[in-house]
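These are my notes from a session with one model. I went through the overall make-up, then the packing, the charges and the backbone.

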Amino acid sequence: MLLSSRYIVLPLTLLVSTVIVNVGIAASDGGKSSQQLALHSSLKKNKKFQQALKSLQQGLPLETEVLLRECMAHKSLPKEAKEVVRCLLAETLIRVGKIEEGLKLWSELPDSSLKSYWTAVGYMEQAYYTKAMQVVSTISEDDTLYDKALQLKARIAYKLKDQQLLVSNLTKLAKSSDDGTARSAKLLLADTLIDIKSFADASEMLEELKQELQASDNLSSTLIPCAALVEGKLAISQHQYDLAISVLSSQSERSASPKLLQDLAKLALAKAEIEKEKANPLQEEAETRAQESVDDDDVKPFEVSKVGTGYDRLLTFIGSNPDSPLLLDALDILTASDAFFTNPQALEKLTAWAQTKDNRQAAAIYTLGSHFLRKNDLTEAQKVCLSGIENQRQSVVVEKLCLNVISALIQKNRLDEAAELMGKYPDSQTNIIFQKAALAYQSKDYNTAASLFSDAAHHCSEPTAAAAIFNEMLSLLHAGAEEKQISLINKVQGTPQFQENLLFQQAHYAASRMSPRAVELLDSYLRIASVDEFKVQAQLDRANVALNLNPPDIAKVEELIPVIEKNDLNYEHQMQVWRLKIMLAEQHQQWTTAIQHCRSAISADDKKKMSDALNLKLGELLYKNGDFHEAKIILQAFPTKFPESSLKASALFLAGKAAQQTNTATALTDSLAIFKSISTEESSFSLPAKIEEASILLRMGKADECIALLDELLKEKLPRYMRLLALSIQADAWVTKENTQSDTLQKAIALCTEILETPNLGMVWKFKALSQRAQFYERTNELQKALDDYASILAHTPQGVAANKRRDWHWFYHAGFSSIRIFGQLQRWNEAYALANKLAQTSGPRAREAADYVRRIKLEHFVWDEDKKSPITEPTGNK
């Protein structure tokens, strides 16, 4: 906001003479008027009280406080007079910043509009804006303090950054019967309308105000130059830079205006010039060349026709006005225009000012430190911060810089450095509780974080307190402290909307972690949900949880999606709906439908935040649907299309898998090239890519290259599954060299044995390695050892959950039919018959095939039930 409310303020210094006579409203003898009370004879004769009134009128609240306390100590003062003095003292205490004492004193006084007003002022000064707004709203429209109440509401709305509320109160104030108040309100209203981009309304309001000011007798009013500043701001906002420069240039040279307003005009003028330079870079370059011929001695500060760029104007202003209250504003304009990134001279001057022992130092330190934060140079930012603590310890902006640097360090997980800087924080530790809590949270000390956030909620300003309560809940969720979560929710039950927010946060967190309580919490929240945004997200969470149940609750998802789509969805919600539709189609294995939904989602992604993830998903769906060629084209182009995406390696890996399936002459060569490119980059897919590379080399008949690659890979510290896969592929590679070397089968068998000796080996890998080794034993004609390995697999007949898994039946039947074949080779038909009979009696998918074997063996080899022998079902000791 170029024209800040700290420069154009409503007359909120209230109670000078008119309201002083009203301080006794609703005193103990409520039948008397306030003026009668104020003019009580004992007070008229009381010199201390009269001196206090005079001090208050002169703007000396500290002196007023001392005099009123002396007045209160006067024993002969009547009770009703003391009530008047106490009212005035309570007001004065709020004025001098003794908020708690002032509020306590007001709480002991009878109710009145004056009490409501000053209590609200106290709450606002404590940053309890909601409480302040509730209290000041009790002042009715027919009350003499109503205009003052509207002014206070406007200030609170500004503090809350609630522009609609600010516009509402300023609009009411603009209709005030007091011309000064109404005109000030119109000026601020025009300024606020510009901020919310209501340019036509702002222009209309500004024109109305200018006409009133021109018709006014008070031509020296500060509202005239203020109106010019707002007019300049409106012109800048509408990109009418020449008009802005003309208006602001005239104002900057208006000698009748206060110096502060002239300086404001100079800063606004510089901003207009900078904006114009950005909009017309070629024109500015030509003007700069033309100005190079002007003699420097002829250039006067802030002379429009002869001065250089807006940057120069600001730098000159800072250099020549070390005591100006607008230094930080000037530096803010330079920061916003990236001057310290693009102009080495500006950065050099800023660095020098940060070392200068004058009033520029604090603002320069803050700006320089903020510049390094924008560059993500936390080391330099810390150095500047420490310099500020050493040289400008009491500066508010240095304290703010410290908090910002600490927060940045925490976000970057540089927790030790954050803790060290906290120890040097210049202000009281109360102001840093929030950062301490954030540090504990990042350190995963969630119980400590919850406790500190709770403290912050009690000691910090209202906006910070609200954030602290939410973070306290998040900490408790991470800590799994359910009782404390319930306690916190109950603590805020006096504010239903706040309580609803916490209930939503609790349910949303459970959904994101797929907690067993997610369904319960989401359903409970949805029964009371009133905030549309939270309600829609909770419905999306409920559908997502339903899809991830075992088995998935498909009906619930299909019920919720149409309900969700009836809402006016924001971008994030729209993308989540598309995700649900894609996942639902996947559940039904309707790959074509899923692909259509994915393409629609890509078209709907107008912000392009999800483009990379959606394109990866499209490639995956095409792969699942057997469209390997199209999948490869989309996925292989992914790195070029999304060069900054973290999903590049994932997309290329899947592209390599798709290339293997394209059934073209170059399929394996293309796939090998893709996996080689992945393996050379640092990513979570580099090692899996080497495994795939080795597998392709084996398929291409390049066993030596495959073995060499895996030898190198096995020297690294691999994840367990990857090591097992590498050993298995290498075993197969050695077998392919059987005709060229005599010991290749023994090496392959040794690799399988190494797999089987792995501690806590899972059943799938055990079955795979046993089956692999048994086949190698067959090739070495060690048939009994092969039978023993197969028997180890057959000892585990799939049952229970395993009986539903095709994979477990695969190993069981493979071992069974392989054993039957070997028994046949050994002419051990009774054992072959018995094993075939065992397989036929299972519930698996090849039981009928086994029954056919039983009949064939029985008929072809004359094996009868009474003659059959039990097959070998236990291993004889193979390692």
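What share of the 879 residues in the protein is buried? I looked this up before anything else, keeping in mind that the model is predicted. Buried residues come to 49% of the protein.

**Overall make-up**

I checked the secondary structure next and found 48 helices and 0 strands. For the surface I noted an exposed area of about 43600 Å², with carbon and sulfur atoms supplying 50% of it. I also looked up the contacts between residues at least 6 apart in sequence: 56% of these join residues at least 24 apart.

**Packing around helix H10**

Which residues of helix H10 are buried? In this helix, residues 163-173, I listed Leu166, Val167, Asn169, Leu170 and Leu173. The buried residues of H10 pack against helix H9 (146-160) and helix H11 (179-195).

I followed one of these residues, Leu170, across to Leu188. Leu188 sits in helix H11. The two residues are 18 apart along the chain, and their C-alpha atoms are separated by 7.3 Å. I put Leu188 down as buried because its relative accessible area is 11%, and the cut-off for buried is under 20%.

**Two further buried positions**

I looked up Ala81 in helix H5, which spans residues 79-95. Its relative accessible area is 0%, so Ala81 is buried. From Ala81 to Leu43 I noted 6.8 Å between C-alpha atoms, with the two positions 38 residues apart in sequence numbering.

Ser671 belongs to helix H39, residues 667-679. Ser671 has 0% relative accessibility and therefore counts as buried. What does Ser671 touch, if residues up to four places away in sequence are not counted? I found Gly656, Ala659, Gln660 and Ile696.

**Salt bridges**

How many salt bridges does the count give? The count comes to 50. I looked at three pairs one by one.

Lys690 forms a salt bridge with Glu716, with 3.8 Å between the closest N and O atoms. This pair links distant parts of the chain, 26 residues apart: Lys690 is in helix H40 (residues 686-699), and Glu716 is in the loop between helix H41 (703-714) and helix H42 (720-736). Lys690 is partly exposed at a relative accessible area of 22%. Glu716 is partly exposed too, at 38%.

Glu782 and Lys785 meet through their side chains in a salt bridge of 3.0 Å, N to O. I noted 24% relative accessibility for Glu782, which counts as partly exposed. For Lys785 the value is 34%, again partly exposed.

The third pair is Glu860 and Arg856, with a salt bridge of 3.9 Å, N to O. Why are Glu860 and Arg856 separated by about one helical turn? The reason is that they are 4 residues apart in helix H48 (residues 847-861). An α-helix has 3.6 residues a turn, so residues three or four places apart point the same way. Glu860 is partly exposed at 49% relative accessibility, and Arg856 is partly exposed at 47%. Elsewhere, Glu65, Arg69, Lys98 and Glu101 are joined into one network by salt bridges that share partners.

**A charged patch**

I then looked for charge on the surface. Arg155, Lys159, Lys161 and Lys400 gather there in a patch of positive charge. I traced one of them, Lys400, to helix H23, residues 396-411. Lys400 has a relative accessible area of 44% and so is partly exposed.

**Backbone entries**

Which residues does a cis peptide bond join? I noted Asn550 and Pro551, with omega about 0°. Pro551 lies in the loop between helix H31 (532-547) and helix H32 (554-565).

I also wrote down two positive phi values in residues other than glycine. For His239, phi is near 65°. His239 is in the loop between helix H13 (223-237) and helix H14 (241-252). At 56% relative accessibility, His239 is exposed. For Gln827, phi is near 60°. Gln827 is in the loop between helix H46 (806-825) and helix H47 (829-840). Its relative accessible area is 55%, so Gln827 counts as exposed.

Terms used: Residues are numbered from 1 along each chain as its sequence is written. This is a predicted model: local features need pLDDT of at least 70, side-chain atom pairs count only at pLDDT 80 or more; totals for chains, interfaces and linings use all residues. Side-chain values use heavy atoms; hydrogens and water are left out. Patches are made of residues with over 30% relative accessible area and no salt bridge: like charges are joined within 9 Å, nonpolar side chains (Val, Leu, Ile, Met, Phe, Trp, Tyr) within 5 Å. Accessible areas come from the Shrake-Rupley method with a 1.4 Å probe; for residues, only the protein chains shown count as cover. A salt bridge is a side-chain nitrogen of Lys or Arg within 4 Å of a carboxyl oxygen of Asp or Glu. Lys and Arg count as positive and Asp and Glu as negative; His and the chain ends are not counted. The place of a charge is taken as NZ of Lys, CZ of Arg, CG of Asp or CD of Glu. Buried means under 20% relative accessible area, exposed over 50%, partly exposed in between (1.4 Å probe, protein chains only). Contact means heavy atoms within 4.5 Å.
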